[in-house]
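Here are my notes on the model, as numbered points. Please read them with the structure open.

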Amino acid sequence: MNKNSRLHQKLKDTFNQMEMDFYPCFDWQFPPPGVRTDNPSSIFQQSLSQVNDYSIYLHVPFCLSVCKFCYYSVSAAKEDNPIRQNYLKALTREIEVYANNLPAGAQCESVYIGGGTPTAMGSYLTDIVKLLHERFDLSQCQEFTVESSPNTLSRSYPKELKVAGVNRVSYGVQTLEQNVLHDVNRHYDVPSILGDLEMLGDIIGNFNVDTMYDLPGESEGAILNTLTTLMRYSPGITLYALDPIREKQGVGVHETAESAQRKFHTAKQLLTDQGYNQLFQNNFVRSGGSYIHQYRRWDNLPVLGIGPSAQGYLPRLQYTNINNIKQYIDREDNFSIIEQQALDHTLEAARELTTKLRFSGVNVDDFNEKYNTDIFTTFSELIDILIGGNQIEFVDGFLKLTVAGERNNNIIPMMFSPDELTGELCQMKHPLAPVFGEFGKRQSAAY
Ligand SMILES: C[S@@+](CC[C@H](N)C(=O)[O-])C[C@H]1O[C@@H](n2cnc3c(N)ncnc32)[C@H](O)[C@@H]1O
Ligand code: SF4
């Protein structure tokens, strides 16, 4: 067996081993959490002082009830539970840290309040929206989104949010199969969802719905039936495969990655036939909808991560906040970062390359110019093998995953990690360790 066929075989074995991973993966951070941690506040202050335009992600960790599949850091604490008030106080302190340290003139271009279910906070959420408007320069903000879910929107509430400055809602439907909703601990009926969507269309206009496929007990045509109805209402639709690796309560009877991919492509066909455009892999939008926050996030632009478990990115710095709500509230200073990674030129470049390869494709000329490098020289062997194995392709100036490669969308980008990082990942027994050994060495020192 020559070297190339040996490498092809090794790749295949690794991909097969990870076959039970999901498609498409719904979360991404590069470098992966836990790989390297640097000393907090000094780098943070310096990075924050270099921010020009930015986005805000703010995490609200409360829901009416916790869905069995949910992977996020959330609590079903009731409205009168003091933890909610205390969370708000801690959040306000954290907002002040950012507002007081951003350079004068820095502009916020998009805000995303996610969770959890922010609209489960009622008028507290309106107060948060107002506070952000007071403390940051949102005069150029193009998109201000709050996440929502059924049973949390009264008739007057979307109007109240709109007046406070919200112009987009991301609403979680998941499926319109009543028995499936019930089994995953989501208790509301389908007509109430459709009533909410009509109201969002009338009052907010720009909104998207989250849907999921591969949920336990769903019928064969569940996702297509769900989408057929939702397309009548929503300018934006997001598709998620149930991620059984990350869900916490053991609902995951995940089918194979192959069947997940098949469902995804059938759903994609239906949506694009009906005039939706695909953005960043699993978001679909038609006129009246937008995904500006996601666009900025996957374009490697700064995001202030505020609230427990939020992830942020500033020039030369990636960070994650304390996950535990109680610890977030009880922390002694106003600083909530638990883990941060300083990014040198090489890691910055790798972050952009891997993220774009994963979500949209890499414009090679733009990338080479920005990072003063040549991807095809730096990764010549890896690119040859991946193109030969039909995992990536070079089309119209873009390096992209092929349809076969999409299935390995959370693996292939990682293979473009720089040597020093793959070394650390190997020590952490990352599943890609066997192939990193073969491809880890770049052929040029430049990135
Ligand atoms: C932070 S949740 C917020 C949405 C809102 N709270 C709701 O559920 O209606 C964002 C989306 O992540 C998706 N999600 C959550 N857990 C997941 C899992 N284990 N696998 C795949 N998608 C998941 C769901 O589609 C959900 O709507
Ligand atoms: S999926 Fe949404 S509603 Fe369900 S627990 Fe997670 S964040 Fe809360």
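1. Which residue in β15 is the bridge partner of N363? The partner is F398. Bear in mind throughout that this is a predicted model.

2. That bridge belongs to the pairing of β13 with β15. Strand β15 covers residues 398-401. It is joined to β13 by 2 bridges, and the two strands run antiparallel.

3. Now the whole sheet. It is open and has 3 strands, in the order β13-β15-β14. The pairing is antiparallel. The edges are β13 (362-363) and β14 (392-395), each of which pairs on one side only. Strands of a sheet pair through backbone hydrogen bonds, in either a parallel or an antiparallel manner.

4. Turn to the helices. Two packed helices are described by the angle between their axes and the distance between those axes. Take α4 (residues 123-135) and α5 (residues 157-164): they pack at about 15°, and their axes are 9 Å apart. Angles under 35 degrees count as roughly parallel, so α4 is roughly parallel to α5.

5. What is the handedness of the crossing where α4 passes α5? The crossing is right-handed. On the α4 side, T126, V129 and K130 make the contact; they meet E160, L161 and A164 in α5. By class, the residues of this contact are 3 nonpolar, 1 polar and 2 charged.

6. A second helix pair deserves a look. Helix α8 spans residues 222-230 and helix α9 spans residues 257-273. Their axes come within 10 Å and cross at roughly 20°. The two helices are therefore roughly parallel to each other. The crossing of α8 and α9 is right-handed.

7. Which residues make the contact between α8 and α9? From α8 come I223, L224 and L227. From α9 come K263, T266, A267, L270 and L271. The contact of α8 with α9 divides into 6 nonpolar, 1 polar and 1 charged residues.

8. Last, the ligand site. Which residues lie around ligand 2? The cysteines are C63, C67 and C70. The glycines are G115, G116 and G172. V66, Y72, V74, T117 and S149 complete the list.

9. How does the shell around ligand 2 divide into nonpolar, polar and charged residues? There are 6 nonpolar and 5 polar residues. The shell has no charged residues. When checking the site, please go through these residues one by one in the viewer.

Notes:
Residues are numbered from 1 along each chain as its sequence is written. Chains are lettered from A and ligands numbered from 1 in the order in which they are written. This is a predicted model: local features need pLDDT of at least 70, side-chain atom pairs count only at pLDDT 80 or more; totals for chains, interfaces and linings use all residues. A residue is near a molecule or strand if its C-beta atom, placed from the backbone, lies within 6 Å of it. Ala, Val, Leu, Ile, Met, Phe, Trp, Tyr, Cys and Pro count as nonpolar, Asp, Glu, Lys and Arg as charged, and the others, Gly among them, as polar. Two strands pair if DSSP finds at least two bridges between them. Helices (H or I, at least four residues) and strands (E, at least two) are DSSP runs, numbered from the N terminus. Axes are lines fitted to C-alpha atoms, for helices over the stretch in contact, and angles run from 0 to 180 degrees between N-to-C directions. Angles under 35 degrees count as roughly parallel, over 145 as roughly antiparallel, 65 to 115 as roughly perpendicular and the rest as oblique. A crossing is left-handed if the near helix is turned anticlockwise from the far one by less than a right angle, and right-handed if clockwise. Two residues are in contact if their C-beta atoms, placed from the backbone, lie within 7 Å.
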